[in-house]
Amino acid sequence: MKKLFISLIALPFLLASCGGNVKNAQTATESTSSETKVVENKKVKMILDLDTGVDDAMALAYALGHPNIDLIGVTTVFGNVSRNTSINNTLALLDMFGRSDVPVYAGSDRPRGAKQAYAANAIVENIHGKNGVGNVNIPQSKREVAKGNAVDFMIASAEQYGKDLYIVATGPQTNMGDLVKKEPKIGDKVGKIVIMGGALIVKGNMDELAEANIFNDPVAANELFTSGTPLTMVGLDVTLRPTLTKADTQKWRELGTKSGKAFADIVDFYIDFYLTTNLPGCALHDPLAVAVAIHPEYVTTLSLPMKVGVDKQNWGRTVADTHRMNDPKEAYVKVAVDMQVNEFVTDFNAILTELFSKN
Ligand SMILES: [Ca+2]
């Protein structure tokens, strides 16, 4: 991977690691190993923007369990499920962890240009289950969705918390596109924006070019990527590398708690799908994006002027814009291209096990 990675560095001056700028590919690789113990040792406010399927559920659990994250709200979008199912799943999961204090806001229910609300198809249901949580029955919440919409909540939170606020979006980027249009300076106001989506140097998972979140609304993703908003893209280049097996979920089940048993069943459904691919277990797409917000040392990034294909041939392709390559100011998207797999998986398992042992 490292050899492949270094050979791909056509523009060394653009290379950066999340921990700070470095001068060339070799030092980038070295700096990754030297930064493995660097942790942002502060508690941050976080908003998650979710299309709550199985890996969003794991991302939510990771955020709730992480000692450095204060989850102040969840905004919802369509994707793995409809927007309304995303709301219901998020409310139910928050109840499961005794966190009915966390507000859940409605975001967009459809991609740009769609005439009707999005509904999941059979392919997505085969991955996440008809209900988005592996067809596992979890008690529905009696709580209502919060008043107000997702984007207004994000903007108000940015005003309130400023650089202490991190936004992590792990569904289609429709709400995020709306956000940068309504508040073009959002990137200057908040501490960090991280998204799960895209594929730079590996092929997509919808077709050769496109990753699913981006594929579901490339127009909105392109609005975000070309808005001048600094963000970190955590895509398939890294998210297919850490995996979870049924040996891991069995340990959750053996905790004997409600959440441990429920999550073991939910994630086993997801693992069953991945076992039909060439992976040994399920990928950890969304939780990795949350982890990278708090632990930038888990990934090495390339800073690039990114865009998203919106024409038929390039639908959903996340790629550097050759017309902006020579302007360093345009390289505001950090694309994760390498990662510390063991460090993340160990951290992820420790945090979820601790959370499940208490709920
Ligand atoms: Ca997701």
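Visitor: In which helix does K182 lie?

Guide: In this predicted model, K182 lies in helix 7.

Visitor: Why does K182 count as exposed?

Guide: The residue K182 has 12 C-beta neighbours inside 10 Å. A residue is called exposed if 12 or fewer other C-beta atoms lie within that distance, so K182 counts as exposed.

Visitor: Which residues is K182 in contact with, leaving aside its neighbours within four places in sequence?

Guide: With those neighbours set aside, K182 is in contact with V151 and I155. The C-alpha atoms of K182 and V151 are 8.1 Å apart, although 31 residues separate the two in sequence.

Visitor: What makes helix 6 oblique to helix 7?

Guide: The axes of helix 6 (residues 150-161) and helix 7 (residues 174-182) cross at roughly 55 degrees and come within 9 Å. Angles under 35 degrees count as roughly parallel, and those from 65 to 115 as roughly perpendicular. The crossing angle fits neither range, and therefore helix 6 is oblique to helix 7. The crossing is right-handed.

Visitor: Which residues make the contact of helix 6 with helix 7?

Guide: Helix 6 contributes A150, V151, M154 and I155, while helix 7 contributes N175, D178, L179 and K182. By class, these residues divide into 5 nonpolar, 1 polar and 2 charged.

Visitor: Why is helix 14 called roughly perpendicular to helix 15?

Guide: Helix 14 (residues 285-294) packs against helix 15 (residues 341-358) at an angle of about 100 degrees, and their axes are 11 Å apart. Angles of 65 to 115 degrees count as roughly perpendicular, so helix 14 is roughly perpendicular to helix 15. P287, L288 and A291 of helix 14 make the contact with F344, D347 and F348 of helix 15. The contact has 5 nonpolar, no polar and 1 charged residues.

Visitor: How many residues of helix 14 are buried?

Guide: In helix 14, 10 of its 10 residues are buried, and the helix is mostly covered. Among them are P287, L288 and A291. For the protein chain, buried residues make up 52% of the 359 residues.

Visitor: How do you know that W252 is buried?

Guide: W252, found in helix 12 (residues 246-253), has 27 other C-beta atoms within 10 Å. The cut-off for a buried residue is 20 or more, and therefore W252 is buried. Leaving aside its neighbours within four places in sequence, W252 is in contact with G260, F263, A264, L352, T353 and F356. W252 and N349 are 97 residues apart in sequence, yet 9.3 Å apart in space, C-alpha to C-alpha.

Visitor: How do you know that the span of helix 13 agrees with its number of residues?

Guide: Helix 13 (residues 258-274) has 17 residues, which should span 24 Å at 1.5 Å a residue. The end C-alpha atoms are 25 Å apart, so the span agrees. The buried residues of helix 13 include G260, F263 and A264.

Visitor: Why is N135 called partly exposed?

Guide: N135 has 13 other C-beta atoms within 10 Å. Exposed residues have 12 or fewer and buried residues 20 or more, so N135 is partly exposed. N135 lies in the loop between helix 5 (122-128) and helix 6. Phi of N135 is near 60 degrees, a positive value in a residue other than glycine.

Visitor: How many helices and strands are there in the protein chain?

Guide: The protein chain has 15 helices and 14 strands.

Note on methods:
Residues are numbered from 1 along each chain as its sequence is written. This is a predicted model: local features need pLDDT of at least 70, side-chain atom pairs count only at pLDDT 80 or more; totals for chains, interfaces and linings use all residues. Helices (H or I, at least four residues) and strands (E, at least two) are DSSP runs, numbered from the N terminus. The expected span of a helix is 1.5 Å times one less than its number of residues. Axes are lines fitted to C-alpha atoms, for helices over the stretch in contact, and angles run from 0 to 180 degrees between N-to-C directions. Angles under 35 degrees count as roughly parallel, over 145 as roughly antiparallel, 65 to 115 as roughly perpendicular and the rest as oblique. Two residues are in contact if their C-beta atoms, placed from the backbone, lie within 7 Å. Ala, Val, Leu, Ile, Met, Phe, Trp, Tyr, Cys and Pro count as nonpolar, Asp, Glu, Lys and Arg as charged, and the others, Gly among them, as polar. A crossing is left-handed if the near helix is turned anticlockwise from the far one by less than a right angle, and right-handed if clockwise.
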